[in-house]
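Please walk through the structure below, following its side-chain contacts, its covalent link and its open space in turn.

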Amino acid sequence: QVQLVESGGGFVQPGGSLRLSCAASGRFFSLETMGWYSQAPGQQRELVATITRADSIIYADSVKGRFTISRDNAKNTVYLQMNKLKPEDTAVYYCNVNIQIGVGQYAYWGQGTQVTVSS
């Protein structure tokens, strides 16, 4: 069984910073593309950033220059450094990891962590 455990959300004022972490545990061969998605109230879940095993990265236009995604393969962890936060960044943030198990690849979601940006 694979588990993703997120941490690092919270309340911050505009312009502040937060760092999200998502650690994978369980039995698997490898972690492939890892990413972060956000879902604001009443909205669909949207891509924030993804990173492949080869460190190829994609960012949503709204976070370019402010957020940085990274991964530590030794720790099976993906991070999202969020700087210059804006009220419109307020959402539940979910990590998503594609995991190689045997001959198949499966997508897993974290439980979500709330990020609230407000003065």
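A search of the whole structure, which is a predicted model, finds one aromatic pair. The partners are Y37 and W109, and their arrangement is edge-to-face, with 5.1 Å from centre to centre and 65 degrees between the planes; the label follows from that angle, because planes over 60 degrees apart count as edge-to-face. This contact links distant parts of the chain, since Y37 belongs to strand β4 and W109 to strand β10 (residues 104-109), 72 residues apart. The two rings are not equally covered: Y37 counts as buried because its relative accessibility is 19%, and the limit for that class is under 20%, whereas W109, with a relative accessible area of 41%, is partly exposed.

The covalent link comes next. In general terms, a disulfide is a covalent bond between the sulfur atoms of two cysteines. The structure holds one such bond, formed by C22 and C95, whose sulfur atoms are 2.0 Å apart. The link of C22 and C95 is right-handed, with 40 degrees about the S-S bond. It too connects distant parts of the chain, for C22 lies in strand β3 (residues 18-25) and C95 in strand β9, 73 residues apart. As for accessibility, C22 counts as buried because its relative value is 0%, and C95 likewise counts as buried at 0%.

Charged side chains offer another kind of contact. Side chains of opposite charge can pair when their charged atoms come close. The count here comes to two salt bridges. In one of them the side chains of D61 and K64 meet at 3.0 Å, N to O, and both D61 and K64 are exposed. In the other, R66 pairs with D89, the closest N and O atoms being 2.8 Å apart. The bridge between R66 and D89 links distant parts of the chain, with R66 in the loop between β6 (57-59) and β7 (67-72) and D89 in the loop between β8 (77-82) and β9, 23 residues apart. Are R66 and D89 buried or exposed? R66 counts as buried because its relative accessibility is 8%, and D89 counts as buried because its own value is 6%.

D89 also leads to the open space of the model, since this residue is among those that lie nearest the centre of the largest pocket, together with S38, E46, S62 and E88. Rolling a probe the size of a water molecule over the atoms shows where empty space is left. The largest pocket has a volume of about 270 Å³, and its lining consists of 19 residues. The elements that give two or more residues to this lining are β4 (30-39), β5 (46-51) and β9 (91-101), and β5 gives the most, with three residues. By character, the lining residues divide into eight nonpolar, six polar and five charged.

One of the residues nearest the pocket centre, S62, deserves a separate look. S62 is found in the loop between β6 and β7, and counts as exposed because its relative accessibility is 51%, the limit for that class being over 50%. From S62 to N96 the separation is 34 residues in sequence and 19 Å in space, C-alpha to C-alpha.

Note on methods: Residues are numbered from 1 along each chain as its sequence is written. This is a predicted model: local features need pLDDT of at least 70, side-chain atom pairs count only at pLDDT 80 or more; totals for chains, interfaces and linings use all residues. Side-chain values use heavy atoms; hydrogens and water are left out. On a 1 Å grid over the protein atoms alone, a cavity is a set of points where a 1.4 Å probe fits but cannot get out, and a pocket is an open set with protein on both sides within 12 Å along at least five of seven lines; lining residues have an atom within 4 Å of a point. Grid points are joined across faces, edges and corners, and a volume is the space filled by probe spheres set on the points. Helices (H or I, at least four residues) and strands (E, at least two) are DSSP runs, numbered from the N terminus. Ala, Val, Leu, Ile, Met, Phe, Trp, Tyr, Cys and Pro count as nonpolar, Asp, Glu, Lys and Arg as charged, and the others, Gly among them, as polar. A disulfide is a pair of cysteine sulfur atoms within 2.5 Å. Buried means under 20% relative accessible area, exposed over 50%, partly exposed in between (1.4 Å probe, protein chains only). A salt bridge is a side-chain nitrogen of Lys or Arg within 4 Å of a carboxyl oxygen of Asp or Glu. Rings of Phe, Tyr and Trp (its six-membered ring) pair if their centres lie within 6.5 Å; planes under 30 degrees apart count as stacked, over 60 as edge-to-face and the rest as tilted.
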